[in-house]
Amino acid sequence: DGSELVDIENYIRANYKKPDEEMFGIAKGKNVILISMESTQSFVINNTVNGEEITPFLNDFIKESYYFENFYHQTGQGKTSDSEFLVDNSLYPLGRGAVFFTHSGNEFEASPSILSENGYFTATLHANNKSFWNRDIMYDSLGYERFYEINDYDVNEENSVGWGLKDDDFFQQSIQHLKEMPQPYYAKFITLTNHFPFELDEEDKMVQPYTSNSKTLNNYFPTVRYQDEALKNFIQSLKDEGIYENSIIILYGDHYGISENHNRAMGEYLGEEVTPFVSAQLQRVPLIIHIPGHKGKTISTVSGQIDLKPTILHLLGIDTKRDFNFGSDLFSKDKMEFIVLRDGSFITKDHVYTRETCYDKNTGEVTDGSGCEPYYEKAKYELEYSDKIIYGDLLRFYENLATDESQ
Ligand code: GP9
Ligand code: MN
């Protein structure tokens with residue numbers, strides 16, 4: 001009957017943060033172009049390899065965008081699909097398995113369905129087999145109206161590498177799809193080239209691989225650099241087609257690309273030992289929000305993928321007071337400096353808690369734990385409540401609750 005939802009609802013309501021009045025509705029009626037950047041971690045931003053910039057385009061683009069430098073991925077085993085789940089639902093993915101596979105039959109109140117109700121056309125674009133990560137089924141549950149998958153693209157040997165269609169070809173072929181969509185639209189693009197094992201044709205290498213004993217880390221840099229170029233070309237095409245000025249563009253990294261198996265090489269690249277503290281900090285992925293007419297700003301608030309749904313809805317002028325969101329609007333003046341990773345690690349303004357150890361965020365040193373203690377319970381509730389919603393399919397009671405209250 002949904003009574004289990006009561007405690008959770010109280011928790012969610014107590015954590016609701018009201019939007020900044022200046023930002024609420026600022027992008028009302030605009031298209032939303034969401035770009036998931038495969039395996040893109042924040043350490044590549046404003047950084048170099050062999051003396052060359054890794055992301056020259058993004059480094060420029062963040063100067064005219066809101067750039068969140070302390071934004072964390074919160075994915076688990078479901079990798080890209082977990083990031084999609086977080087971004088569309090503001091719920092946590094599961095501790096085991098991929099919620100896209102295990103709970104695609106649940107009721108959700110995802111942003112695509114909310115946006116549909118608000119006059120948006122919703123689509124997701126990804127040049128892979130539609131059933132990968134069970135996307136074809138899950139996208140229906142999330143309310144996407146159209147999934148442009150591999151059959152909507154011209155994919156051949158020439159324009160493919162590694163996992164499939166190269167990002168540049170993917171974006172360029174997607175322009176036609178965008179032009180077909182009724183406006184305003186919410187369109188999610190999922191890139192692919194910067195995927196393990198980071199294969200790339202010689203002619204696409206704009207920087208040379210790094211030189212360590214990790215082939216994975218070495219090859220990561222040229223594919224990140226390639227993705228950056230593909231993004232640059234895509235943004236240019238959006239400008240050429242007159243789409244740019246009418247759209248907010250949101251780019252985020254889906255999850256880490258370099259696992260802890262490469263800590264030695266990573267430490268060599270970073271010039272510091274990769275302790276559990278550094279590892280947790282490496283879970284930062286870029287978040288870039290471009291709003292036409294807005295000046296750039298770097299924002300240091302501790303935040304994560306779970307925060308995107310309320311942030312986007314508020315920018316579009318859509319209220320979220322009744323939603324079951326675990327995240328909160330990144331532009332809210334009351335946004336709490338706190339984020340939980342799927343493995344139970346958490347990050348606050350001054351501390352990182354990981355592997356049962358509390359670190360000082362400024363020094364990276366182990367502390368006595370008193371700075372982390374006030375957050376233990378909250379971190380636990382976040383994951384527990386979200387898991388309860390998914391395992392119990394509790395959002396199927398959501399509509400009833402909403403009507404009950406309004407009576
Ligand atoms: C597959 C792509 C990559 O379609 O999204 O998935 P990942 O292995 O990163 O989860
Ligand atoms: Mn991925």
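This report looks at a pocket and a pair of packed helices in a predicted model.

## About the model

Residues count from 1 along each chain as its sequence is written, while chains are lettered from A and ligands numbered from 1 in the order in which they are written. In this predicted model, local features need pLDDT of at least 70, side-chain atom pairs count only at pLDDT 80 or more, and totals for chains, interfaces and linings use all residues; side-chain values use heavy atoms, leaving out hydrogens and water.

## The largest pocket

The largest pocket (an open set of points on a 1 Å grid over the protein atoms alone where a 1.4 Å probe fits, with protein on both sides within 12 Å along at least five of seven lines) has a volume of about 600 Å³, taken as the space filled by probe spheres set on the points. Its lining (residues with an atom within 4 Å of a point) holds 29 residues, with His73, Tyr256, Glu260, Gln283 and Asp343 nearest the centre.

Helix H9 (263-270), helix H10 (276-281) and strand E17 (351-354) each give two or more residues to this lining; helices are DSSP runs of H or I with at least four residues, strands runs of E with at least two. The largest share, 3 residues, comes from H10.

## Two packed helices

Helix H7 (residues 167-180) and helix H8 (residues 215-240) pack at about 20 degrees, with axes 8 Å apart; the axes are lines fitted to C-alpha atoms over the stretch in contact, and angles run from 0 to 180 degrees between N-to-C directions. H7 and H8 are therefore roughly parallel (angles under 35 degrees).

In the contact (heavy atoms within 4.5 Å), residues of H7 including Phe171 and Ile175 meet residues of H8, among them Ala230 and Phe234.

Note on methods
Angles under 35 degrees count as roughly parallel, over 145 as roughly antiparallel, 65 to 115 as roughly perpendicular and the rest as oblique.
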